[in-house]
Amino acid sequence: MTNPTTDIVPPRADWLVTGAGGMLGRDVLARLAADAEPALGLARADLDLTDAAAVLAALERHRAKVVVNCAAWTAVDAAEEHEAEALAVNGDGARNLAAACAAVGARLLHVSTDYVFRGDAGAPYAEDAAPDPVTAYGRTKLAGERAVLEALPEDGSVVRVAWLYGAHGKNFVKTMLRLEGERERLTVVDDQRGQPTWTADVADRLVRLGRLPAADAAGVWHATSSGETTWCGFAREVFRLAGADPERVGAITSADFPTPAKRPAYSVLGHDRWKSVGIDPIRDWREALAEAFPHL
């Protein structure tokens, strides 16, 4: 007589996506589904990355070949007062996932951030530039990067992103569209430079990276749009695409809009490594935003 519980075969997925309920995680799953790739998504309620035993059990159960870690503590300002809690997810959680991947022989694509840099450069940060975070959030994300690269020197990839927006969840584009309908005029910071990046473009690069031989994919990558702008420039382009007057967006400085965590003045990342594996860097941010707009 068979046991109806223990005889259930767990679902097999070539790809496992953590943080699957978030903006990027949902787009990664959509990108995999478009190619009919066997994939499983685990949201925060499904898997607590701070529980090492649970993480190992999940990877042993689902036997994925490639794990994409989109789970993170992303509340930048809150991390200043709750760094230990942020570190538990961004640092220890990444370490638990990397250790589990090493134990089962899976590859790990770990999503990180531009905040690992100081943010005061005058030229794009290369993939091998030395990190020097100045915020609690940046320190916790750097801890996660180092844990992944230490545990998986040949099977771990760190993929830094920045200024993300997408169809799911809250983001800057949706906020600007809401404010366009509520206010005649608004002001946005104009002395912080970065690269607005559509999560669908990041998802595409993550999938392509996961399909490369492990030896080619290991190490650090930057997955942000080409080009650069300020938050004010970003907002004005959103207004323009919405058919509103961009001049309704006024410029202010960071000093006019203080936050608990210091924002990087310069968050532009370089993308040279993609060319070495025959993949184009992500397109210009304006082109991506125009294509994304109907979905937002």
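Buried means under 20% relative accessible area, exposed means over 50%, and partly exposed lies in between (1.4 Å probe, protein chains only). Keep that handy for the tour.

**Before you click**

What you have open is a predicted model, where local features need pLDDT of at least 70, side-chain atom pairs count only at pLDDT 80 or more, and totals for chains, interfaces and linings use all residues. Residues are numbered from 1 along each chain as its sequence is written, and side-chain values use heavy atoms, with hydrogens and water left out.

**Stop 1: colour by confidence**

Colour the chain by pLDDT, the predictor's confidence in each residue, from 0 to 100. The chain average is 95, and 96% of the residues score at least 70. Now select residues 1–9: here the pLDDT is below 50, and beyond near neighbours in sequence the stretch has one contact in the model (contact means heavy atoms within 4.5 Å).

**Stop 2: the sheet**

Switch to cartoon view. Helices (H or I, at least four residues) and strands (E, at least two) are DSSP runs, numbered from the N terminus. Two strands pair if DSSP finds at least two bridges between them. Look for an open sheet of six strands with parallel pairing, in the order S2-S1-S3-S4-S5-S10. At its edges sit S2 (39–42) and S10 (219–222), each pairing on one side only. On average, neighbouring strands of this sheet are turned by 20° against each other, direction ignored. Axes here are lines fitted to C-alpha atoms, for helices over the stretch in contact, and angles run from 0 to 180 degrees between N-to-C directions.

Zoom in on S3 (residues 66–69) and S4 (residues 107–113): they run parallel and are joined by four bridges. Pick Val66 and you'll find Arg107 of S4 standing opposite.

**Stop 3: a helix across the strands**

Next, select helix H7, residues 199–211. H7 lies across S1 (15–18), S3, S4, S5 (156–161) and S10, and runs at about 150° to S4.

**Stop 4: Arg211 and its partners**

Stay on H7 and show the side chain of Arg211, which is partly exposed at 40% relative accessible area. Which side chains does Arg211 meet in salt bridges? One is Asp35, at 2.7 Å, N to O; another is Glu37, at 2.9 Å, N to O. A salt bridge here is a side-chain nitrogen of Lys or Arg within 4 Å of a carboxyl oxygen of Asp or Glu. Glu37 lies in the loop between H1 and S2 while Arg211 lies in helix H7, so this pair ties together parts that are 174 residues apart in sequence. Both partners are worth a surface check: Asp35 is partly exposed at 35% relative accessibility, and Glu37 is partly exposed at 22%.

Now add Asp204 and Arg205, whose closest N and O atoms are 2.7 Å apart in a salt bridge. Are these two buried or exposed? Asp204 is buried at 13%, and Arg205 is buried at 9%.

To see the wider picture, select Arg31, Asp35, Glu37, Asp204, Arg205, Arg208 and Arg211 together: they are linked in a network of salt bridges. The structure holds 20 salt bridges.

**Stop 5: the cysteines**

Finish with the sulfurs. How many disulfides are there? Counting pairs of cysteine sulfur atoms within 2.5 Å, the answer is zero. Take Cys101: the closest cysteine sulfur, in Cys70, is 13 Å from its own, too far for a bond. Cys101 is buried, with a relative accessible area of 0%, and Cys232 is buried at 0% too.
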